[in-house]
Amino acid sequence: MRRLAVATLDGNWEHDHTVPSRTLYPHQWSWDSAFIAIGLATARPDRAWRELRTLLAAQWADGRVPHIVFNPAPPIGSYFPGPGFWDSARAPGAPAAATSGIVQPPVHALAAWLAYRRTPSERSRTELAWLYPRLVAQQRYLTGRRDVGGAGLACLVHPWESGLDNSPAWDPPLATVPADEAVLRAYRRHDTAHADAAQRPTDLDYARYVALVDAYRAGRYGDDGLAGRHPFLVECPLFNTALGLAEHALAAIARAVGADPGPHRERAARITATLVDRLYDPATGAFHPRDLRTGRLVPARTALGLVPLALPDLPPRQVATVLAEACSPRFGLAARMDRPLPSHDRTAPDFEPLRYWRGPSWLNLDWLLWRGLRTHHRLDLAAGLRASMVELVATAGCHEYFHPDTGAGLGSPAFGWTAALLLDVLA
Ligand code: DGY
């Protein structure tokens, strides 16, 4: 399996970064690159650092790390929405490379720290020192300009920023976004040429995705006054967990590069406390996104609500109730799992076992929870989840996602982060 995973990463390597998939995603994606670097560190350490360096070299002047860095000549397919659609060149502070204008969960500081721990050489320390101020600027952007709610959490302006594009968590906030499917017909989706349309977001979803990019791009990706003008504004538990994990990782990185870890520790504690205060629902015992346009928590019980378990300073009460939710029939976490962990409550009426983030099992969600279980000393459950991850790849290969009942492979068959995170759990 290790050989298959390394061959998958080698096959997706493209000069100075890894494409998530040669067909579906033929450019560099932000959070994919972080997960991929974690796996590369176990097998191709030089490439792990190169991966992160290439991504952070495309950081904008305001500190945002774009969710896509476009290859000038994509390895195989075309991708929609491509560089012309994003038109980053006209935005103030954008880098020379063509990029998107939105962000993704900031898992990069954690990736850099884990890569360093795997290969703690002088070369690695130099790379870490290069990354450190850039990772700090990324946090500053997310907790500064993107703190639309004013409480210290980052706010998302597009479901693509969550990484869980069509999660049922986004249905209520998306419902009020004007969707003109005629506009979409002016473009051509390429994803459905490479993957079964039944396993991808719908055309209606895409019409809204396009409308949201249109709205953000019209303001040249500026964040001033978003509260009064932008149609989609949410605080996401996974994204903000990543934000907190980043401060914990930055504290460790600061120590390694001779900087002061204190401010990072303080910020980490503040993010966890705010997450609990704003996104925890005692009625469900889990975390939920907050829709800033209505002020309400989104009721759907998705895997997003379990991810704060990855925070080492999550208070014991939340650890206990999130574990109860994870071990309930909704998600089926167990020391011996009989089915993979789903991305959405499998008892919900809108659970869809084939469709992208509306049910299928994903290795990055498994991996984040697996780390949380180990952090909170639930080694029995961590072992069960790890065994499930290994079995998925052993049976189906390095697929992008997996059927949450049968484990059959779905989406892209040679997916970067599946290979990378498997390497990490095997190491
Ligand atoms: C896609 O193209 O499906 C991506 O998730 C958007 O970033």
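Leaving aside residues up to four places away in sequence, Phe351 touches His344, Asp345, Arg346, Arg358 and Gly359. This residue of the predicted model is found in the loop between helix H15 (316-327) and helix H16 (363-375). Phe351 counts as partly exposed because 18 other C-beta atoms lie within 10 Å, while a buried residue would need 20 or more. Ser167 is 184 residues away from Phe351 in sequence, yet the C-alpha atoms of the two are 9.9 Å apart in space.

A word on confidence is helpful at this point. The average pLDDT of the chain is 96, and 99% of the residues score at least 70. For the model, ipTM is 0.92 and pTM is 0.98.

Turning to the ligand, the residues around it are His67, Trp160, Asp165 and Asp191. By character, this shell divides into one nonpolar residue, one polar residue and two charged residues.

The interior of the model comes next. In soluble globular proteins, nonpolar side chains tend to be buried together. Here the largest nonpolar core has 131 residues, and those touching the most other members are Ala37, Ala111, Ala112, Ala115, Leu369 and Ala420. Helix H13 (residues 237-257) gives the most to this core, contributing eleven residues. For a look at one of these core members, Ala111 is in contact with Ala34, Ala37, Ile38 and Leu52, once its neighbours within four places in sequence are set aside.

Ala396 offers another local view. This residue has its place in helix H17 (residues 379-396). Its contacts, not counting residues up to four places away in sequence, are Phe402, Gly407, Ala408 and Gly409. With 18 other C-beta atoms within 10 Å, Ala396 is partly exposed. Between Ala396 and Phe35, which are 361 residues apart along the chain, the C-alpha separation is 20 Å.

Finally, there is a sheet to follow by eye. Three strands make up this open sheet, in the order S5-S8-S9, and their pairing is antiparallel. Strand S5 (234-235) and strand S9 (296-297) stand at the edges; each has a single partner strand, so one side of each is left without a neighbour in the sheet. Between S5 and strand S8 (residues 290-291), the antiparallel pairing runs over two bridges. A handy place to find this pairing in the structure is Glu235, which stands opposite Arg290 in S8.

Technical notes:
Residues are numbered from 1 along each chain as its sequence is written. This is a predicted model: local features need pLDDT of at least 70, side-chain atom pairs count only at pLDDT 80 or more; totals for chains, interfaces and linings use all residues. A residue is near a molecule or strand if its C-beta atom, placed from the backbone, lies within 6 Å of it. Ala, Val, Leu, Ile, Met, Phe, Trp, Tyr, Cys and Pro count as nonpolar, Asp, Glu, Lys and Arg as charged, and the others, Gly among them, as polar. A nonpolar core is a set of buried Ala, Val, Leu, Ile, Met, Phe, Trp, Tyr and Cys residues joined through C-beta atoms within 7 Å. A residue is buried if 20 or more other C-beta atoms lie within 10 Å of its own, exposed if 12 or fewer, and partly exposed in between; C-beta atoms are placed from the backbone. Helices (H or I, at least four residues) and strands (E, at least two) are DSSP runs, numbered from the N terminus. Two residues are in contact if their C-beta atoms, placed from the backbone, lie within 7 Å. Two strands pair if DSSP finds at least two bridges between them. pLDDT is the predictor's confidence in each residue, from 0 to 100.
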